[in-house]
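Colleague: Hi! Could you walk me through this one? I'm still new to reading structures.
Modeller: Happy to, let's have a look together.

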Amino acid sequence: MFKLITWFSMLFVAGSTLVLGQNNTAKDIFILAGQSNMAGRGGVNHGKWDGNIPPECKPKRSILRFTANLDWEVAREPLHVDIDVGKVCGVGPGMAFANEIIRSNRSGTGIIGLVPCAVGGTSINKWGKGSRLYGQLVKRANEALKDGGGTIRAILWYQGESDTLNKDDAETYKGKMVKLIEDLRLDLNLPALPFIQVALASGEGTNTNIEMVRKAQMGIKMKNVKCVDAKGLPLNADNLHLTTMSEVKLGLKLAYAFLHSFSHFH
């Protein structure tokens, strides 16, 4: 059974969204990073989101989201609405992931904190140490921990479609990904931080380059680094982004990978 949840700094705002200010409520925190398929394009067609939210992605008071304003609120789709700005966001894998972790009854605190950081159309070069996106991820992760607010349990990473555009980027992907994992663990002071990446379902470049990046992703052999495969999940009409139900299935894949390998919460 989950521990009794004590809520601090409660504030009801328009739309009955419960916003939590900085508080010392312990949370199991997960960083969501990468590009558009992590940010979520499920249900997005012709520049509009259809608003369909599957049962696996429904909000719960025990699943929180860290906003662009560095506050906690009850999480709901689209998770990246104020992070992947200038784009139309839809369903991603985050809510299905969090709901499955809660459903498994294996969370030490009973509260999941999601920290969205993904931005569509970003190559691995835009995430390297010293970049704006790298700095934002580290800042948001550290802010989420303030006031004893919890523990970072894993980074969930889905990125690489933009690195299939040319052969050089595809060939150098593995080395850059390994360096990114090493740098994030160092700068977050979490040397054994679990990192679960997604092997591509699609890409912007040739099939040869897509397979090259996929091979790199699945070939990373580092401690506490796991890979789930998105290949074969149905895509939207653009043949690039996952459908709503594909995002749900991916979220479950990520949850099972975490629960199987890293669910030592205590």
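Modeller: A term to begin with: a nonpolar core is a set of buried Ala, Val, Leu, Ile, Met, Phe, Trp, Tyr and Cys residues joined through side-chain atoms within 4.5 Å. And keep in mind that this is a predicted model.
Colleague: Okay, so which residues in the largest nonpolar core touch the most other members?
Modeller: That core has 75 residues, and I31, L114, W157, Y158, M177 and F258 touch the most other members. Its largest share, nine residues, comes from helix α7.
Colleague: And what does I31 touch?
Modeller: Leaving out residues up to four places away in sequence, I31 touches V115, C117, L137, A141, I152, A154, I155 and L156.
Colleague: New topic: how many salt bridges are there in the whole structure?
Modeller: The search finds 13. In one of them, the side chains of R41 and D84 meet at 2.7 Å, N to O.
Colleague: Where do R41 and D84 lie?
Modeller: R41 is in the loop between α1 and β4, and D84 is in the loop between β7 and α2, so the pair ties together parts that are 43 residues apart in sequence.
Colleague: Are those two buried or exposed?
Modeller: Both R41 and D84 are buried.
Colleague: What about R214, which residue does it form a salt bridge with?
Modeller: With D229, the closest N and O atoms being 2.6 Å apart. R214 sits in helix α6 and D229 in strand β11, 15 residues apart. R214 counts as buried because its relative accessibility is 5%, and buried means under 20%. D229, at 27%, counts as partly exposed.
Colleague: Which residues are linked with them in a network?
Modeller: E211 and K231 join R214 and D229 in a network of salt bridges.

Key: Residues are numbered from 1 along each chain as its sequence is written. This is a predicted model: local features need pLDDT of at least 70, side-chain atom pairs count only at pLDDT 80 or more; totals for chains, interfaces and linings use all residues. Side-chain values use heavy atoms; hydrogens and water are left out. Buried means under 20% relative accessible area, exposed over 50%, partly exposed in between (1.4 Å probe, protein chains only). Helices (H or I, at least four residues) and strands (E, at least two) are DSSP runs, numbered from the N terminus. Contact means heavy atoms within 4.5 Å. A salt bridge is a side-chain nitrogen of Lys or Arg within 4 Å of a carboxyl oxygen of Asp or Glu.
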